[in-house]
Amino acid sequence: MVLRARSTDRIYHLHRLIAAGGMGEVYEASAPDISRTVAVKRMMEQNATDENLLPLFLREMLVASTLEHHNIVEVIDVGKAKNELFLVMELVAGPTLAEILEAYKSRSARLPLNVACGLAMQIAQGLAHAHERCQPDGTPLGIVHRDVAPENVLIGHDGVPKLVDFGLAKLNGQDLTQPGIIRGRPRSLAPEQARGDPTDARADIFALGATLFEMVSGECLYPQETIATLLYRVASGDYEPIGLRIPNADPGLIAIIEKALSPNVSARHRSARQFERALGSFRATRELRLTTQAIAEVVHQTWPTIVERRHEVMQHNEGELYGQTIVLPADELKLLARAPSLQGTLQKRRRATTSNGRPHSLNAPLTRAARSRPRFEEAQFPQRSPSSIPSRALFGCRWNPADRLYTTVITLTATLFLGLLWFISRTY
Ligand SMILES: Nc1ncnc2c1ncn2[C@@H]1O[C@H](COP(=O)(O)OP(=O)(O)OP(=O)(O)O)[C@@H](O)[C@H]1O
Ligand SMILES: [Mg+2]
């Protein structure tokens, strides 16, 4: 792991543009002192270049960098260069889950059930790892992804899915600086998150349920409608009953999805671990064979179409920073790493990884979780995989329901008031 050890400035050479997403451009890159190719994300969010947000961004990324799980994209480095923020990550070869779903949809086909369940179980394992992360004294770090969606699941050619963008959603979230501003995608946003209420790990359970629903049905939880009606429906969790949307699906699977998608937070699975166990029991009773090979096969089949589509979208766009070099300074990171709130977490992790070359966890439950083998038949989870490209979200828009609501209310009130004034002036 590079981030914790970095005490000197680091140079990155940016190569081809992998993708331009909602959050910024992602480049393939190399560094003289890192043996593998990495992904460098240039953060284009306005907030990310805000001076006040720099420490928060770095802190979020430092916390994200403590996550070590084969179903989470590794955060390697972070910093500011050329007056912009950059995030350096493990490069994941292969498509996003969104691209795979799109490829299936264009052929009017559905993802095989064992692949959908296998992906959901592995995403749940990655989430459980993050949610259970604690400080050395046992205080939970309270890590929540907040933007679990098919666009943020990268799948390697080995069939291993990895969650990306941990901590980034929080940057614009109500927890840090801007009350009412919500980052996320309407199609997998938990109602409490849409309302701007405080959220916890169960918002990720909802989003995971929505993602599983999308994999099984091939459709979004909220079919496309106007942003105004969508706002109210998402905020109240008002979607068409799952059983009606996928009447032919197994009732056991429908029950799991419905529980995860409960608008009532306390009626959902208590944890990602519980969600994963529920899917595991379902798999066992239905004798479904979940393998990374089956997922890899799906990647293999859809990859040519996806690459073609990416070329169309990119239109020979090499990216502004193609061929350029950036230098990420160590100073800010060093300062932050010394902050008392982070020190224990980062130090503990350093010790944990240097003793035997493999990471282990910060507390008892996490240790058990980290040691447990993935419950997949014939499953093989290679540690880290190399390289590749992206997509644009189907409904990957960012929105701010609170702003829209306030604007509508204020406009209506102003109109009524002016109308009243006009009426009074005409009458008297
Ligand atoms: N570590 C990575 N390795 C390989 N490709 C990546 C990596 N991170 C992101 N990408 C690709 O870059 C694309 C753009 O990423 P980005 O997260 O900026 O955009 P997004 O997911 O479309 O939107 P959002 O910013 O809302 O998450 C992704 O769709 C993905 O294909
Ligand atoms: Mg993303």
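Let's start with the sheet: six strands line up in the order β4-β5-β3-β2-β1-β8, forming an open sheet with antiparallel pairing. The two strands at its edges are β4 (75-81) and β8 (325-328), and each of them pairs on one side only. Keep in mind that this is a predicted model. Besides the sheet, we'll look at two helix pairs: α6 with α9, and α3 with α11.

**The sheet as a whole**

- Going from one strand to the next, the twist averages 35°.
- Here's a handy bit of background: in a regular strand, side chains alternate between the two faces of the sheet.

**Strand β1 and its two neighbours**

- In the sheet order, β1 sits between β2 and β8.
- On one side, β1 (residues 10-20) pairs with β2 (residues 24-31) in the antiparallel sense, over five bridges.
- Want to find that pairing in the structure? Look for A19, whose bridge partner in β2 is V26.
- You can also look for A20, which stands opposite E25 in β2.
- On the other side, β1 is joined to β8 by four bridges, and these two strands run antiparallel as well.
- For this pairing, try R10: its bridge partner in β8 is L328.

**Helices α6 and α9**

- Helix α6 covers residues 201-217 and helix α9 covers residues 251-260; their axes come within 8 Å and cross at roughly 145°.
- The crossing of α6 past α9 is left-handed.
- On the α6 side, the residues that meet α9 are I205, F206, L208, G209, L212, F213 and V216.
- Their counterparts in α9 are L253, I257 and A260.
- Sorted by class, this contact has nine nonpolar residues, one polar residue and no charged ones.

**Helices α3 and α11**

- How are helix α3 (residues 113-131) and helix α11 (residues 292-314) packed? They pack at an angle of about 110°, and their axes are 9 Å apart.
- With that angle, α3 is roughly perpendicular to α11.
- From α3, the residues N114, V115, G118 and L119 take part in the contact.
- From α11, they meet A294, I295 and V298.
- Which classes of residue make up the contact of α3 with α11? There are five nonpolar and two polar residues, and no charged ones.

Notes: Residues numbered from 1 in each chain as written. Chains lettered and ligands numbered in written order. Predicted model: local features only at pLDDT ≥ 70, side-chain atom pairs only at ≥ 80, totals over all residues. Pairing = 2+ DSSP bridges. Axes fitted to C-alpha atoms, helices over the stretch in contact; angles between N-to-C directions. Left-handed = near helix turned anticlockwise from the far one by under 90°. Contact = placed C-beta atoms within 7 Å. Nonpolar A, V, L, I, M, F, W, Y, C, P; charged D, E, K, R; others polar. Parallel < 35°, antiparallel > 145°, perpendicular 65-115°, else oblique.
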